[in-house]
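Here are some notes for a colleague who is opening this structure for the first time. Please keep the sequence and the model side by side while going through the numbered points.

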Amino acid sequence: MLTRTFAALSLIAAVVATPTGTEMAKRATCTVSSVASAADLSSCTSVVITAFTVASGSTLTIAAAKGATITMTGSVTFSKTTSAGPLITIDTDNVNFDAKGYSFKGNGAEYWDGEGTGGGVTKPHPFVKFKGYGTFANLIVKDSPAHAISVGTSGGAATFTGFLVDNLDGDTNSLGHNTDGFDVSADDVTITNSKVYNQDDCLAFNKGSNLVFSNNYCSGGHGISIGSISDAAVVSGVTISGNTVVKSMYGMRIKVKTDATGSVSGVTYIGNSISATGKYGFLISQSYSDDFGTPGTASTISGVTFSGATTTVTTSASYPRVGVDCGHCTGTWNWGSLVATGGEASDLVLGGGVKISGGSY
């Protein structure tokens, strides 16, 4: 009797201890070497992306198990296509994505015609879309047809480190256009230690809260932006620190569409080095898409601060070094750590009762 009981208990223990097929599958390493091989990665906790080419008419989605590690051992090239963007989507919760310095190549030169998304050749945009949340590192986005990276993460914090957006070839004959670096519509996003060479906004925080852009390098585009704010979109709790902007049309902007009803609040600039070559060094406008016009009054901008280490702003253009075109801006803004030079005298329209203290501009 004791022997039978012991045998039964041993069998039960063995059954409990033996992983199910699902548990074993969730430990699998999956290799993505084609669009077809990425069709179902939901049980993969380790994904390796190898070098391959995505054919015209196809798009790629990497949606692995929650907590997965995704790495690259080669670059992925996207053939010219009429598919709408995004051409690749990374959609995994709590992911650890490390591209190891490999690239997503968009063949931008096949599309660039100087007209961007406003006409000419149809250009898929965005090129790369990030959803889910987690850490994302060391990716090169090369020659995007138009907008390079869209961040639409949710469910948790997302950090992007060591990215390179390389649309430098779009400078040739001024054919690259609307090649935004990072377009962000999400909460709890940090972008740090990255480089963007392009022909439009280096960064655009379009919607979200708890947003950080730090220690990045922007060249050739339209600088660092909050907005454009459309409709009832809200951007709040933003830190922009330690960045360098060179060879850019604008340095930094907050841009709100005239008919918008949303808001921008709690924006802090710390220790940036900003150089504009085409227009304003720093611009706040509630008249977008105009720089200055008849600013809207249905939206609100508040709490714009320059603090901590000095932010230097300069423009070599025949434009005001600082422009403020407020229809409804509120509060008292401390600009004590701003030093702006070059260009023409600053032009300030302070509608809404806002007051600005400190700084040299």
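1. A definition is needed before anything else: a salt bridge is counted when a side-chain nitrogen of Lys or Arg lies within 4 Å of a carboxyl oxygen of Asp or Glu. The model to which this is applied is a predicted one.

2. With that cut-off in mind, please look at arginine 321, which sits in the loop between β27 and β28 (322-326). Which side chain of opposite charge is nearest to arginine 321, and how far away is it? The nearest is glutamate 344, at 8.7 Å, and arginine 321 has no salt bridge although it is buried. The side chain of arginine 321 does, however, have a polar atom 2.8 Å from the backbone oxygen of glycine 342.

3. The surroundings of this loop are easier to follow once the sheet is laid out. An open sheet is formed by 11 strands, with parallel pairing, in the order β3-β6-β8-β10-β13-β16-β18-β21-β24-β27-β31. Because β3 (52-54) and β31 (338-344) each have a single partner strand, they stand at the edges, and one side of each is left without a neighbour in the sheet. From one strand to the next, the twist averages 10°.

4. As general background, strands of a sheet pair through backbone hydrogen bonds, in either a parallel or an antiparallel way. Here, strand β27 (residues 311-320) runs parallel to β31 and is joined to it by 6 bridges. Within this pair, threonine 312 stands opposite valine 339 in β31, while proline 320 stands opposite glutamate 344, the residue already met as the nearest opposite charge to arginine 321.

5. Strand β27 also pairs with β24 (residues 273-276), again in the parallel sense, over 4 bridges. One position to check in this pairing is serine 275, whose bridge partner in β27 is threonine 314.

6. A separate point concerns methionine 72, which belongs to strand β5 (residues 69-72). Is methionine 72 buried or exposed? Its relative accessibility is 1%, so methionine 72 counts as buried. Apart from neighbours within four places in sequence, its contacts include Ile49, Phe97, Tyr102, Phe104 and Leu139, as well as Asp98 and Lys100. Phenylalanine 205, by comparison, is 133 residues from methionine 72 in sequence and 28 Å from it in space, C-alpha to C-alpha.

Notes: Residues are numbered from 1 along each chain as its sequence is written. This is a predicted model: local features need pLDDT of at least 70, side-chain atom pairs count only at pLDDT 80 or more; totals for chains, interfaces and linings use all residues. Side-chain values use heavy atoms; hydrogens and water are left out. Two strands pair if DSSP finds at least two bridges between them. Helices (H or I, at least four residues) and strands (E, at least two) are DSSP runs, numbered from the N terminus. Axes are lines fitted to C-alpha atoms, for helices over the stretch in contact, and angles run from 0 to 180 degrees between N-to-C directions. Buried means under 20% relative accessible area, exposed over 50%, partly exposed in between (1.4 Å probe, protein chains only). Lys and Arg count as positive and Asp and Glu as negative; His and the chain ends are not counted. A polar contact is a pair of N or O atoms within 3.5 Å; within protein, one must be able to donate a hydrogen and the other to accept it, and residues adjacent in sequence count only if both atoms are side-chain atoms. Contact means heavy atoms within 4.5 Å.
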